[in-house]
Amino acid sequence: MRISDSKLIGEITALGVEHKADVSLAEKTSLGIGGTSDLLIVRRHETLPELVRLLKQAGVTHRFLGGGSNVLLPDGELPWVILQLARQEPDVRFEGNSVWVDCAVDLGRTVTTCAKHDLGGMEGLIGVPGTVGGALRMNAGAYGTQIGTFVREVRVYRAATGRIETLTGPEINFEYRHTSFAPDDIMLAVRLELPSKPYSEILQGIRICNEKRRASQPLNQKSAGCIFKNPPGGSAGRMIDELGLKGHSVGDARVSDCHANFFVNAGHASAADMLELIADVRRRVRERYGVELEEEVIVWKQS
Ligand code: EPU
């Protein structure tokens, strides 16, 4: 969506929010898929309530984009303007075994920063792409570790109330790749509590996870990680592999040859290609196994 009202643009920029017109969002996602829209970069969290109020008042719909690593955006001109948080400086603050982290920070960088302070536990999350906020939203996990385990407080902009609120750990439900945050909540900062561990030991854990990931996932290709959640007690990747679907493609959207639950953009895949591939694979799994796979990647629907 384009913001054409110059008065609105003036009010937005007066808040310290940067307005970028007609941005290619494919470049903002790890899949390299997505159309265009205006992008609003929020530098100060405190301005969010007023920004959203201004947009609402002007009838401008918006969506919030984090690191873009677990999302499939539509093709063409998007019907929303896109909000993104700028990284805060300083973005990490330690208090004993607790650390406040800005949600716009890269998750992997957070894991290593904490390691340097002899705080571990998150080694398994090292190769998970995206921001801390994105990891929180999905309760990102890998190699037996889920971020939710360490969450003690989250500062969040709640669209429902139009205010910035602080939620404590017990107020948030963390399940397998699902949390109780509302879809339009915007995570701003989080306090994690991490176990003390010597730096060298954490580094060793990080190295092992990195090796496992390199051996089993197509890290050098454009993807959004796993496309489907694992069904209870099962493995989406194994089922798709058993169906002989590695390399199966629609246009440039392709089931990875390396890990069958990763669908890669092998060139210039469109969202339509990727959605068709997802639907096709889901149908084949349903027909063979009687299992209805649920998307793990967040699909932005045009409704
Ligand atoms: N498998 C196959 N063929 C494949 C892929 C996997 O036979 O093409 C088999 C493996 O041999 C293994 C089983 O399926 O026996 C499970 O595979 P893997 O260990 O790779 O883990 P996964 O269940 O496919 C999950 C997470 C990943 C996470 C890894 C490592 C989900 C949907 N996926 O994958 O998370 O990195 O474990 O902990 O929960 C993501 O969320 O985007 C993601 C990639």
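Here are five short exercises on the structure above, each with a worked solution.

Keep in mind that this is a predicted model, where local features need pLDDT of at least 70, side-chain atom pairs count only at pLDDT 80 or more, and totals for chains, interfaces and linings use all residues. Residues are numbered from 1 along each chain as its sequence is written, and side-chain values use heavy atoms, with hydrogens and water left out.

**Exercise 1. Work out how H1 and H2 are oriented to each other, and which residues meet.**

Start with the labels: helices (H or I, at least four residues) and strands (E, at least two) are DSSP runs, numbered from the N terminus. Next come the axes, which are lines fitted to C-alpha atoms, for helices over the stretch in contact, with angles from 0 to 180 degrees between N-to-C directions. For H1 (residues 6-14) and H2 (residues 48-57), the axes come within 10 Å and cross at roughly 175 degrees. Angles under 35 degrees count as roughly parallel, over 145 as roughly antiparallel, 65 to 115 as roughly perpendicular and the rest as oblique. H1 and H2 are therefore roughly antiparallel.

Now the contact itself (heavy atoms within 4.5 Å): Leu8, Glu11 and Ile12 of H1 meet Leu51, Leu54 and Leu55 of H2. Sorted by class, that gives 5 nonpolar, no polar and 1 charged residues. Here Ala, Val, Leu, Ile, Met, Phe, Trp, Tyr, Cys and Pro are nonpolar, Asp, Glu, Lys and Arg are charged, and the others, Gly among them, are polar.

**Exercise 2. Lay out the open sheet that contains E14 and place H2 on it.**

Strands pair if DSSP finds at least two bridges between them. The order is E6-E7-E14-E10-E11, 5 strands with antiparallel pairing. At the edges sit E6 (92-95) and E11 (163-168), each pairing on one side only. On average, neighbouring strands are turned by 15 degrees against each other, direction ignored.

Zoom in on E10 (residues 151-158): 6 bridges link E10 to E14 in the antiparallel sense, and valine 156 has methionine 187 in E14 as its bridge partner. Finally, H2 lies across E10, E11 and E14, at about 35 degrees to E10.

**Exercise 3. Is valine 190 buried or exposed, and which residues does valine 190 touch?**

First, locate valine 190: strand E14, residues 186-193. Buried means under 20% relative accessible area, exposed over 50%, and partly exposed in between (1.4 Å probe, protein chains only). Valine 190 has 0% relative accessibility, so this residue counts as buried. Leaving out residues up to four places away in sequence, its contacts include Trp100, Cys103, Leu136 and Glu153.

**Exercise 4. Find how E18 is paired and which way its side chains point.**

E15 (residues 222-226) pairs with E18 in the antiparallel sense over 3 bridges, with lysine 222 partnered by asparagine 265. E17 (residues 253-255) also runs antiparallel to E18, joined by 3 bridges, and a hairpin connects E17 to E18 through 6 residues. Arginine 254 stands opposite valine 264.

In a regular strand the side chains alternate between the two faces of the sheet. In E18 (residues 262-265), Phe262 and Val264 point one way, Phe263 and Asn265 the other, and all are buried.

**Exercise 5. How many disulfides are there, and why does cysteine 103 not form one?**

A disulfide here is a pair of cysteine sulfur atoms within 2.5 Å. The count comes to 0. For cysteine 103, the closest cysteine sulfur is in cysteine 114, 13 Å away, so the two are too far apart for a bond. Cysteine 103 is buried at 3% relative accessible area, and cysteine 114 is buried at 0%.
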